[in-house]
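The following exercises are to be solved by inspecting the structure. Each task is followed by a worked solution.

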Amino acid sequence: MSVVDQKHFSYRIGIDSGGTFTDVCALDERTGEFTVWKVSSTPYDPSAGIVNAAENMSSLLEKRDNATPHITFFGHGTTVGTNALIERRGSSTALITTAGFRDVLEIARQRRPELYNLQTGRPEPLASRDQRFEVTERVQYDGSVLTPLAEEEIYALIPVLSASGVKSVAICFLFSFLNPIHEKRAKEILERELPDIFISISSEIVPEFREYERTSTVVMNSYLGPLMRTYIEKLQGELREMIPSQIMITQSNGGLISADLAASQPVRTVLSGPSAGVMGALEIARRIARGNLITFDMGGTSADVSIVSNFMPRFKPMTDVEGFPIKVPMIDIHAVGAGGGSISYDDHGLIKVGPRSAGANPGPVCYNLGNTEPTVTDANVALGILNQNHLLNGRLPIDSNASRAAIARLGERFGMGWQRAAAGILQVVSANMVNAIRAMTVERGLDPRDFSLFSFGGAGPLHSGYLARELEIKEVVVPAFPGVMCAVGLLTSGRRMDLVRTHYGALTPETFGGLAQHFTELAQQANAWFDKEDVTPPRRNISAAVDLRYGGQAYELTIPVRAGAAEGGYEALLAAFVDTHQERYGYIVHGEGVQMTAVRLEAFETLPFTKPSAGLPARGGSITPFEYREILEVNELKTYRTPVYRKTDLPQEVEFAGPCVVEQMDTTILVLHGQRAVIDRHDNVIITLV
């Protein structure tokens with residue numbers, strides 16, 4: 001086949017590895033059309049699931065096109081770092097820090113994780129005390145050197161580190177975010193003397209103030225480094241022939257970075273999986289002109305909720321994972337242990353659901369792989385909401401009787417039949433997810449009724465009708481491929497890098513004018529990064545922001561400078577801060593000065609690709625179910641004779657009423673009694689309350 005013909009079948013491939021399924025999506029660069037597929041995840045070796053998904057998609061495209069697909073892009077969302085943290089499977093890590101600050105990880109912050117729990121504890125630090133070392137050096141608060149680095153102490157640590165068997169080292173010196181000279185010199189010595197050890201320095205990973213969080217983040221990066229490097233090297237080796245292009249990895253901020261950068265800064269990939277789904281939702285939202293969304297991603301192990309306001313996702317500068325703070329920018333996502341594989345059980349006379357999950361193996365009881373505890377999926381199977389014989393268009397056979405038997409055993413503990421027990425499971429898991437949405441909206445001064453609920457994930461469209469009814473949300477949007485939205489997000493995201501510089505001082509008209517120099521210098525760094533990543537000038541974008549707070553506060557709000565610059569600078573920036581503070585916290589402090597703590601620059605790539613044209617308006621069409629099922633409505637506890645449709649059989653722009661079930665390869669959509677649905681010209685299902 002000629003080169004011209006190969007270009008005719010050029011694809012971008014995105015693969016997201018979840019707890020139960022690994023999703024793969026291919027984007028035709030010529031037409032903008034998506035092709036999707038799902039395979040079972042392989043928790044014992046995530047790379048095996050990735051390779052399997054890539055091979056399946058390649059075979060599918062080759063069979064359909066009668067030509068070998070030309071892969072121009074390969075994006076990958078991974079949970080390797082997250083799982084290593086949860087399971088404490090990272091590498092043995094040492095910390096080298098300024099003399100007198102060895103115990104920063106132990107001292108942490110003077111606040112308890114649980115205010116009213118006197119027995120609460122903290123996780124053991126990722127670098128144990130016997131592997132934390134002090135060296136003589138001191139950089140002052142203004143970046144000047146008070147005490148030079150005692151290089152002989154670094155050299156003296158080399159045999160100690162070598163004998164200890166550590167696989168990685170984190171270096172975090174006081175005020176290195178203002179002057180990294182000592183950290184860089186220490187790294188240079190260690191890399192030369194211990195070339196096989198993974199080394200991170202805080203001035204490269206998180207050049208910001210807040211000593212504890214900075215130390216925690218760089219230690220976590222080193223803790224995950226060897227594992228992530230080995231994983232990426234293995235994946236690159238196995239995909240080299242199939243994927244000639246560079247492998248890209250999604251970050252927690254929704255953007256992509258090269259596999260090499262992800263290997264050296266793996267902390268950027270922690271919590272990256274859900275962020276890709278938000279970016280995919282954002283792309284669909286632009287196509288259908290829905291700027292305000294509550295994104296609801298329910299997969300096999302968790303449900304993730306995020307907010308999109310005026311076509312912009314919300315970010316946060318820091319989060320906690322397993323009790324460890326991570327200070328890197330990320331999309332603001334609230335997760336609860338409520339997925340299709342979440343296990344239901346008797347907790348002292350109450351039905352509880354999650355956070356424990358059956359995962360991909362053994363999976364729900366209906367998989368017949370050895371699990372005997374009913375899951376959320378089993379409840380949906382037992383009640384007839386899910387197909388009674390198979391999932392994934394027949395590729396995954398299931399045993400619905402096994403689901404009912406397992407739920408009946410649980411129901412006996414509460415003196416109720418299997419139907420009432422199954423309804424109870426769905427009621428409990430729905431309540432957990434409603435609380436998650438309220439935490440992201442009501443508790444932050446937002447009214448969920450002002451948003452559309454964007455529902456995706458393999459299990460999301462099964463439950464979104466319940467959530468919309470409870471929260472009085474008028475519209476639910478189910479995208480064309482809800483079960484693989486994270487993989488779709490990988491294809492519609494570009495490269496992104498967040499640059500930050502600590503800049504502490506009062507916000508005044510004079511200091512506002514001085515911000516230009518900081519942004520100019522950060523922009524130079526951004527352009528150097530664009531050059532290194534081979535991002536062409538037409539695709540380059542830069543946006544600036546400032547971290548602001550009232551005097552005396554210990555937390556900041558990130559305010560875009562473009563919002564201030566558009567209307568005259570200082571006054572508009574100050575007004576934007578006041579408005580954001582009022583929305584987030586419900587009050588403002590009149591007469592209190594405002595402080596700056598950091599300046600930020602977001603460098604990101606805009607991807608040009610063909611968007612599929614909307615289908616022609618439908619002139620009518622019959623709606624015929626392929627079967628009917630008797631399905632219990634779990635809140636009304638009333639059974640309805642419910643039509644079941646194949647989505648591929650339904651015409652666009654023809655409204656149909658609930659209750660009904662719509663099946664497709666990657667998910668099942670439940671439309672409740674009192675709701676109506678229509679498939680739009682982009683193949684999204686729009687559900688509205690009557």
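The exercises on this predicted model concern one residue and one sheet.

**Exercise 1.** Determine where Ala-26 lies, and whether Ala-26 is buried or exposed.

*Solution.*
Step 1. Locate the residue: Ala-26 belongs to strand 2, which spans residues 21-28.
Step 2. Apply the cut-off: buried means under 20% relative accessible area. Ala-26 is buried because its relative accessibility is 0%.
Step 3. List the contacts, leaving out residues up to four places away in sequence: Ala-26 touches Tyr-11, Arg-12, Ile-13, Glu-33, Phe-34, Thr-35, Met-57, Leu-61 and Leu-491.
Step 4. Compute a separation: between Ala-26 and Trp-37, the C-alpha to C-alpha distance is 8.9 Å, with their positions 11 residues apart in sequence.

**Exercise 2.** Establish the order and pairing sense of the sheet that contains strand 27.

*Solution.*
Step 1. Read the order: 4 strands, arranged 27-30-28-29, make an open sheet with antiparallel pairing.
Step 2. Identify the edges: strand 27 (496-506) and strand 29 (557-560) each pair on one side only.
Step 3. Give the twist, which averages 25 degrees from one strand to the next.
Step 4. Examine one pair: 11 bridges join strand 28 (residues 540-550) to strand 30 (residues 594-605) in the antiparallel sense. Ala-544 has Leu-601 of strand 30 as its bridge partner.

**Exercise 3.** State which strands helix 17 and helix 19 touch.

*Solution.*
Step 1. Helix 17 (residues 515-532) packs on the sheet against strand 27, strand 28 and strand 30, its direction making about 25 degrees with that of strand 30.
Step 2. Helix 19 (residues 570-585) also packs on the sheet, touching strand 28, strand 29 and strand 30; its direction makes about 135 degrees with that of strand 29.

Notes
Residues numbered from 1 in each chain as written. Predicted model: local features only at pLDDT ≥ 70, side-chain atom pairs only at ≥ 80, totals over all residues. Heavy atoms only, no water. Helix = DSSP H or I, 4+ residues; strand = E, 2+ residues; numbered from the N terminus. Buried < 20%, exposed > 50% of the residue type's maximum accessible area, 1.4 Å probe, protein only. Contact = heavy atoms within 4.5 Å. Pairing = 2+ DSSP bridges. Axes fitted to C-alpha atoms, helices over the stretch in contact; angles between N-to-C directions.
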